[in-house]
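Got a few minutes to walk through a fold? Here is one to look over, with some questions to go with it.

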Amino acid sequence: MGKIIQKVLALKYRPASFKELIGQDIMVETITNSIKLKNLPNAWMLSGIRGVGKTTTARLIAQAINCKKDFIQGEKCNSEEKYCSCKEINEFKNLDVIEIDGAQHTGVDSTKELIASCLYAPTTTKYKVIIADEFQMLSKSSFAALLKTLEEPPPHLKFIFCTTEMKKIPVTIISRCQRFDLHRVPIRDLVKNLKKISKIENGKISEEA
């Protein structure tokens, strides 16, 4: 018998498009409009409590700015197409979209090494994207090392920073990013989404629960 692979529901139902991202309508509209108009900032700063969709949003941005189709309207690269970035980015396999955990890359040497490697042109995508989670954990010297590149990055390089503690990030860094504060998702939206997932999974959950 084949082995049954169980997938955590949070990963199985992670939003795969901006339309599936619940509770952040204003942010989604602003970001998608800037992508449609090709008016992209050098860096996005996404802040908010855990679980509101910061990392998910970052990955969607990385897909949208690199997709050869109209990602925002729901079109995606065919998985059989050569250099299909959408599927690779979604599965964390694309070498041009680099995700780091700020808690594990606090030192200035690590930051300098990352920046140096990203100055080269991307191999399969239009933009090389650095997604930094827990961005507030970087050291002061790391922020300083990042500042110059953030001010004048090469055309192919974009940054997306995710943080739960904006106050720990230097103003000089924040002022050079397009900032979005993600809000706690309303209970009614969470319940609606849980109902939809429960129905798909044939779950039995009462309205009260």
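**Cavity, pocket and helices**

The largest share of the lining of the largest cavity, three residues, comes from helix 5. Keep in mind that this is a predicted model.

Q: What pattern does the protein chain follow, read along the sequence?
A: Start with the parts list: the protein chain has eight helices and five strands. Put in sequence order, they read α-α-β-α-α-β-α-β-α-β-α-β-α.

Q: What percentage of the contacts in the protein chain with a separation of 6 or more comes from residues 24 or more positions apart?
A: The protein chain has 209 residues, and 42% of them count as buried. For contacts with a separation of 6 or more, the share from residues 24 or more positions apart is 76%.

Q: Which elements give two or more residues to the lining of the largest cavity?
A: There is one cavity of 30 Å³ or more, and the largest cavity holds about 100 Å³ of space. Its lining includes Ser 110, Thr 111, Leu 114, Ile 130, Ala 132, Phe 159 and Phe 161. The elements that give two or more residues to that lining are helix 5, strand 3 (128–133) and strand 4.

Q: How many charged residues are in the lining of the largest cavity?
A: Among the residues around this space are Ile 100, His 105, Phe 135, Leu 138 and Leu 146. Sorted by class, the lining has nine nonpolar and three polar residues, and the number of charged ones is zero, that is, no charged residues.

Q: Do the buried residues of helix 6 line one face or opposite faces of the helix?
A: Helix 6 covers residues 140–151, and its buried residues are Ser 142, Phe 143, Leu 146, Thr 149 and Leu 150. In general, an α-helix has 3.6 residues a turn, so residues three or four places apart point the same way. Looking down the axis of helix 6, the buried residues fall within an arc of 125 degrees, so they line one face.

Q: Which exposed residues does helix 6 carry on the face turned away from its buried side?
A: The buried side of helix 6 is covered by elements including strand 1 (43–47), helix 5 (108–118), strand 4 (157–163) and helix 7 (171–174). Exposed takes over 50% relative accessible area. On the face turned away from the buried side, the exposed residues are Lys 140, Ala 144 and Lys 148.

Q: Which element gives the most to the lining of the second largest pocket?
A: This pocket has a volume of about 320 Å³ and is lined by 16 residues, with Ile 35, Lys 38, Ala 64, Ile 65 and Cys 67 nearest its centre. Helix 2 and helix 3 (54–66) are the elements that give two or more residues to the lining. The one that gives the most, with three residues, is helix 3.

Q: How many of the 13 residues of helix 3 are buried?
A: First, its length: at 1.5 Å a residue helix 3 should span 18 Å, and its end C-alpha atoms are 19 Å apart, which agrees. Helix 3 is also largely enclosed by the rest of the structure, because its buried residues number 13 of the 13.

Q: Is Ser 34 buried or exposed?
A: Ser 34 is found in helix 2 (residues 25–36). Leaving out residues up to four places away in sequence, Ser 34 touches Asn 39 and Leu 40. The cut-off for buried is under 20% relative accessible area, so at 8% relative accessibility Ser 34 counts as buried.

Terms used:
Residues numbered from 1 in each chain as written. Predicted model: local features only at pLDDT ≥ 70, side-chain atom pairs only at ≥ 80, totals over all residues. Heavy atoms only, no water. Helix = DSSP H or I, 4+ residues; strand = E, 2+ residues; numbered from the N terminus. Expected span 1.5 Å × (residues − 1). Buried < 20%, exposed > 50% of the residue type's maximum accessible area, 1.4 Å probe, protein only. Arc of directions from axis to C-beta. Contact = heavy atoms within 4.5 Å. 1 Å grid on protein atoms, 1.4 Å probe; cavity = no way out; pocket = protein on both sides within 12 Å on 5 of 7 lines; lining within 4 Å. Points joined across faces, edges and corners; volume = space filled by probe spheres on them. Nonpolar A, V, L, I, M, F, W, Y, C, P; charged D, E, K, R; others polar.
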